Amino acid sequence: MAKVIDDGQFLTLKLSLLEKVGALHGEIKVAKTNLVKVEIEENPWQSSVLRGVRAPGTGIPFVILLGTMRARKHKDFTAIYRRRPVEIYTFKDCEFERWIISK
């Protein structure tokens with residue numbers, strides 16, 4: 001499972017080998033000063049949480065969503081499993097605007 005590691009200065013999104021393959025992406029590291037907020041969402045499969053289309057990555061609706069979600073002005077990274085609640089990390093001035101990670 002994807003895990004967010006806080007070392008004081010940076011937040012690192014650690015992915016397992018299978019997650020790296022499924023997401024077609026490696027680990028992500030962001031300065032903690034770029035973090036705007038962290039939210040919990042009980043239902044990650046709603047359109048208010050997910051925006052755009054998955055490209056690249058792996059997706060089976062309501063089962064797994066791994067990889068990049070792209071919309072016109074947004075780019076999010078997702079690691080969502082089944083119907084578990086997710087943590088949504090929102091950033092400023094980063095490659096991904098949000099990380100959406102199953103708890």
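Which residue in strand 6 does Thr 58 stand opposite? In this predicted model, Thr 58 stands opposite Leu 66. The legends below begin with that pair of strands and then turn to the second sheet.

**View 1. Strand 5 and strand 6 pair in the antiparallel sense.** Strand 6 covers residues 64–70, and six bridges join it to strand 5. Within this pairing, Thr 58 faces Leu 66 of strand 6.

**View 2. Six strands make up an open sheet with mixed pairing.** The order of the strands is 4-8-9-7-6-5. Strand 4 (35–41) and strand 5 (53–60) each have a single partner strand, so they stand at the edges and one side of each is left without a neighbour in the sheet. Direction ignored, neighbouring strands here are turned by 10° against each other on average.

**View 3. Three strands form an open sheet with antiparallel pairing.** Their order is 1-2-3. Strand 1 and strand 3 are the edge strands; each has a single partner strand, so one side of each is left without a neighbour in the sheet. From one strand to the next, the twist averages 20°.

**View 4. A hairpin is formed by strand 1 and strand 2.** Three residues lie between the two strands, and Gly 8 in the turn has a positive phi of about 100°. Strand 1 spans residues 3–6 and runs antiparallel to strand 2, with four bridges joining them. Val 4 has Leu 13 as its bridge partner in strand 2.

**View 5. Strand 2 is also paired with strand 3, in the antiparallel sense.** Strand 3 comprises residues 28–31, and the pairing extends over four bridges. Leu 11 has Val 30 as its bridge partner in strand 3, while Thr 12 stands opposite Lys 29. In a regular strand, side chains alternate between the two faces of the sheet.

**View 6. The surroundings of Thr 12, a residue of strand 2.** Strand 2 runs over residues 10–14. Thr 12 has a relative accessibility of 11% and therefore counts as buried, the cut-off being under 20%. Beyond its neighbours within four places in sequence, Thr 12 is in contact with Lys 3, Val 4, Ile 5, Ile 28, Lys 29 and Trp 99. One of these residues, Lys 29, is the residue of strand 3 that stands opposite Thr 12. Glu 27 and Thr 12 are 15 residues apart in sequence, and their C-alpha atoms are 7.0 Å apart in space.

Conventions. Residues numbered from 1 in each chain as written. Predicted model: local features only at pLDDT ≥ 70, side-chain atom pairs only at ≥ 80, totals over all residues. Heavy atoms only, no water. Buried < 20%, exposed > 50% of the residue type's maximum accessible area, 1.4 Å probe, protein only. Contact = heavy atoms within 4.5 Å. Pairing = 2+ DSSP bridges. Axes fitted to C-alpha atoms, helices over the stretch in contact; angles between N-to-C directions.
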